[in-house]
Amino acid sequence: MLFDYPSAQGTPHGSTFFPIPMSMKYIITITLSMVLAACSTAPVRNPQAKWVPSPNRDARRALVIVLHYTQQDSVQESLNTLRTANSQGKVSAHYLLGKDGRLYQLVADSQRAWHAGGGRWGTITDLNSASIGIEIDNNGIDPYPDVQIEALIALLQDLTTRLRIPRHQIIGHSDLAPSRKVDPGAHFPWKRLHEAGFGIWPSGELTDAPEGFDPWLAMAAIGYSLSDRPAALRAFRMRFRAIPATQMQPPEPDDEDRRILYALSRELLR
Ligand SMILES: [Zn+2]
């Protein structure tokens, strides 16, 4: 509450503390209303229905966290881009994480940032509406410094707790848009993230998938769109086998892919 002002509420004792004439009170009330109206957006009500508000509600929440690399050379450059545009248009993200672990927030958690673009993860087709976007300062070539990953883990701990986002729902931009994107890249330490409790990773000894196991069905169950199967497989291998997306690859899942997919399927069923 920004204003705790007795006369604004018209309390019986208001004039005892503030002997303000009625005309002045009217002006103050009007001014306060204008200031507050400018600060907040009135709820949009459907004119077809009678408005009968219920107090049992809260803000809609994100379901997924999307990790990116900036592919730029400095935090300052990325702070500029994320408040203006890149070559494809206006862009933003909720957070930008520097190499030194310093964290910047550009969009409120409750607002929709423009970081994901077109793509799909599971049944979610509008990722910007359903996610928190984190840009990590990295040029796409260098490894991620420890201090940066530690800061990311602290941020994920905060977001998954406070916004109640499932801890396994941490994905890369390349996972949701495998035909277009390769970030956060083959260097990103997904295994370490999983050891801290975030994202998915095939834990334990890998075993051969049983007869009849369908690796593509497992890919789809994890969340990958199969509209471009070779691209989805490249994104999967980049994340779980650290194979660069630029490398020539077999277009069908091999034995190692099948073992990883089988382990991940069992993990998701737990
Ligand atoms: Zn990205």
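Two rings of Phe, Tyr or Trp count as a pair if their centres lie within 6.5 Å of each other. In this predicted model, such ring pairs tie W121, W201, Y224, F236 and F240 together into a cluster. A search through the whole structure turns up seven aromatic pairs.

Take F188 and W190, for example. Their ring centres are 4.8 Å apart and their planes meet at 65°, so this pair is edge-to-face, given that planes over 60 degrees apart earn that label. F188 is tucked away from the surface, with a relative accessible area of 5%, and W190 is buried too, at 4%. W190 also has a charged partner: the charged end of R239 sits over its ring, 3.9 Å from the centre.

F213 and Y262 make another edge-to-face pair, with 5.5 Å from centre to centre and 75° between the planes. Here the contact brings together distant parts of the chain, 49 residues apart. F213 belongs to the loop between α8 (190-195) and α9 (215-222), while Y262 is part of helix α11 (residues 255-269). F213 has a relative accessibility of 15%, so it counts as buried, the cut-off being under 20%. As for Y262, the charged end of R266 sits over its ring, 4.4 Å from the centre.

Next comes the metal. Which residues coordinate the zinc ion? The job is shared by H68 (ND1), H173 (ND1) and D183 (OD), at 2.1 Å. Along the chain, these donors follow the spacing H-x104-H-x9-D. H173 and D183 are ten residues apart, with H173 in helix α7 (residues 173-176) and D183 in the loop between α7 and α8. Both of these donors are hidden from the surface: H173 is buried at 4% relative accessibility, and D183 is buried at 6%.

That leaves the empty space. Rolling a probe the size of a water molecule over the atoms reveals where such space is left. The largest pocket holds about 610 Å³. Its lining is made up of 26 residues, and the ones nearest the centre are N86, Q88, V91, E135 and K181. Three elements give two or more residues to this lining, namely β1 (64-69), α4 (75-81) and β3 (89-90). What kinds of residues line the largest pocket? Polar ones account for 15 of them, while six are nonpolar and five are charged.

Technical notes. Residues are numbered from 1 along each chain as its sequence is written. This is a predicted model: local features need pLDDT of at least 70, side-chain atom pairs count only at pLDDT 80 or more; totals for chains, interfaces and linings use all residues. Side-chain values use heavy atoms; hydrogens and water are left out. On a 1 Å grid over the protein atoms alone, a cavity is a set of points where a 1.4 Å probe fits but cannot get out, and a pocket is an open set with protein on both sides within 12 Å along at least five of seven lines; lining residues have an atom within 4 Å of a point. Grid points are joined across faces, edges and corners, and a volume is the space filled by probe spheres set on the points. Helices (H or I, at least four residues) and strands (E, at least two) are DSSP runs, numbered from the N terminus. Ala, Val, Leu, Ile, Met, Phe, Trp, Tyr, Cys and Pro count as nonpolar, Asp, Glu, Lys and Arg as charged, and the others, Gly among them, as polar. Rings of Phe, Tyr and Trp (its six-membered ring) pair if their centres lie within 6.5 Å; planes under 30 degrees apart count as stacked, over 60 as edge-to-face and the rest as tilted. Buried means under 20% relative accessible area, exposed over 50%, partly exposed in between (1.4 Å probe, protein chains only). A charge sits over a ring if NZ of Lys or CZ of Arg is within 6 Å of the ring centre and within 35 degrees of the ring normal. Donors are N, O and S atoms within 2.8 Å of the metal (3.2 Å for Na, K and Ca); water is not among the atoms, so sites may look incomplete.
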